[in-house]
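The following exchange introduces a protein model to a reader who meets it here. Questions and replies alternate.

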Amino acid sequence: KVRMESILEAHNIRVERGGVQVLKVDHFSVQAGEVLAVIGPNGAGKSTLIMVLSQLLQPQQGNLFFKGKQLDWKNTLAYRRRIGMVLQDALLLDTTVYNNIATGLRFRGIDMQEIEKRVSYWMGQFEISELRNRRSRHLSGGESQRVSLARAMALEPDILFLDEPFSALDSPTRMRLLSDFQILLSKTKVTSIFITHDLDEALLLGNRVAVMLGGEIRQMDTPQKVFSAPTDPEIAQFVGVETVIPGRVVDVENGLVRVSSNGCQFDAVGEAKVGQEVLLCLRPEDVTLWTLEKAPYSSARNQVEGVVSRVTPQGALTRVVMDCGFPLVALITRASAMEMKIEMGKNIIASFKASSVHLIGK
């Protein structure tokens, strides 16, 4: 049964290529006004999903529902006129910025006065008004993508589909456009489905995040939930949970789970049964490092000693991998790494809070 508050739903979608199933989605829904970020590695099926949801690709099986009504695969035009699309490449016509933004509106038979109003408004919103008469071949990558976004928004779509729209841009251009676009999305409340393999983009823009692996949606929840409580080890790995420690539950008391692993015991906040095999998942930014002589009697319940096996600079931070009988990864400031004289072979102590550990039952 289709829930009416969903603007778009997909049921039992199956796509095969050369006899191989590349997309299998049992149920997918987007609520009006939300920004849903679909994340996953290259080849996970993200672009295939967006092609199906925009009716550019007919699946071998499955149905789409738009505002509660089933869509017809034989007549896709009515639906396609209600959506906007922005791809990785801007795909602009060889004409002026104004004409590029106006093209879709002209196709839809909108009168000249309304076209002028909308095009001027969206050029202003994307800060490209001064480029009005410039031809597309003389635009930078960032300018081209602003034109592409303005063209899509000028259509006033019910749903905006975005397939990696920022991935081809250099870092400063990308960050500025991302920030501007986030403000516009929160202002317009246009329903958006946003494909990316960049976790920062998903965190910044998405109200919800869907993780795709191997052509299937494996988890769909708030960004906080997906990034701090992944439902399986593969998702954990993809979203940056770099330390995964296998162990067995030895005690459970008042929401605190004690896990034995490799001769150590760790406390985690969560639910599990005594005797259960579990995985303890830990993000590198939640680990604190100490030298042996400064080891704390800290509030962090978990401490483990190990040997530094790798040190890698990562921007303003330093990534430290320790061998504790299992690999444990920490991200610390460069200043901390220098102060503690972190180097390969050094014995150090890692500590982390019980509330920082996410448990996955096996």
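**Charged pairs and a covered helix**

Me: This is a predicted model. Is E285 buried, partly exposed or exposed?
Reply: The relative accessible area of E285 is 44%. Buried requires under 20% and exposed over 50%, with partly exposed in between. E285 is therefore partly exposed.

Me: Which residue forms a salt bridge with E285, and is that residue buried or exposed?
Reply: The closest N and O atoms of the pair are 2.8 Å apart, and a salt bridge requires a distance within 4 Å. The partner is R283. Because its relative accessible area is 18%, under the 20% cut-off, R283 is buried.

Me: Which residues are joined into one network by salt bridges that share partners?
Reply: A network of this kind arises where salt bridges have partners in common. The residues joined in this way are E114, K117, R118 and E156.

Me: What phi does E156 take?
Reply: E156 lies just after helix α5. Its phi is positive, at about 50 degrees.

Me: How many residues of α5 are buried?
Reply: Helix α5 covers residues 141-154 and has 14 residues. The helix is mostly covered. Its buried residues include G142, V147, L149 and M153. The number of buried residues in α5 is twelve.

Me: Which elements do the buried residues of α5 pack against?
Reply: Both strands and helices are among the partners of α5. The strands are β6 (83-86) and β7 (159-163). The helices are α3 (97-107), α4 (112-125) and α6 (171-188).

Me: How far does α5 reach from its first C-alpha to its last?
Reply: At 1.5 Å a residue, the expected reach of α5 is 20 Å. The reach in the model is close to that expectation, at 20 Å.

Me: Which residue forms a salt bridge with R132, and where is that partner?
Reply: R132 sits in the loop between α4 and α5. At 27% relative accessibility R132 counts as partly exposed, and its partner, at 31%, is partly exposed as well. The closest N and O atoms are 2.9 Å apart. The partner, 16 residues away in helix α4, is E116.

Me: How many residues apart are E277 and R248, which form a salt bridge?
Reply: The closest N and O atoms of E277 and R248 are 2.5 Å apart. E277 has 32% relative accessibility and counts as partly exposed, while R248 is partly exposed at 43%. E277 belongs to strand β14 (residues 277-282) and R248 to strand β11 (residues 243-253), so the pair links distant parts of the chain. Their separation is 29 residues.

Me: How many salt bridges does the protein have?
Reply: Side chains of opposite charge can pair when their charged atoms come close. The protein has 42 positive and 40 negative side chains, and the centres of the two sets lie 5 Å apart. The count of salt bridges comes to 22.

Me: What percentage of the residues in the protein is buried?
Reply: The protein has 362 residues, and its secondary structure comes to ten helices and 20 strands. Its C-alpha trace spans about 75 × 50 × 40 Å along the principal axes. The accessible surface comes to about 17600 Å², of which 50% belongs to carbon and sulfur atoms. The share of residues that are buried is 49%.

Definitions and conventions: Residues are numbered from 1 along each chain as its sequence is written. This is a predicted model: local features need pLDDT of at least 70, side-chain atom pairs count only at pLDDT 80 or more; totals for chains, interfaces and linings use all residues. Side-chain values use heavy atoms; hydrogens and water are left out. Helices (H or I, at least four residues) and strands (E, at least two) are DSSP runs, numbered from the N terminus. The expected span of a helix is 1.5 Å times one less than its number of residues. Buried means under 20% relative accessible area, exposed over 50%, partly exposed in between (1.4 Å probe, protein chains only). Contact means heavy atoms within 4.5 Å. Accessible areas come from the Shrake-Rupley method with a 1.4 Å probe; for residues, only the protein chains shown count as cover. Lys and Arg count as positive and Asp and Glu as negative; His and the chain ends are not counted. The place of a charge is taken as NZ of Lys, CZ of Arg, CG of Asp or CD of Glu. A salt bridge is a side-chain nitrogen of Lys or Arg within 4 Å of a carboxyl oxygen of Asp or Glu.
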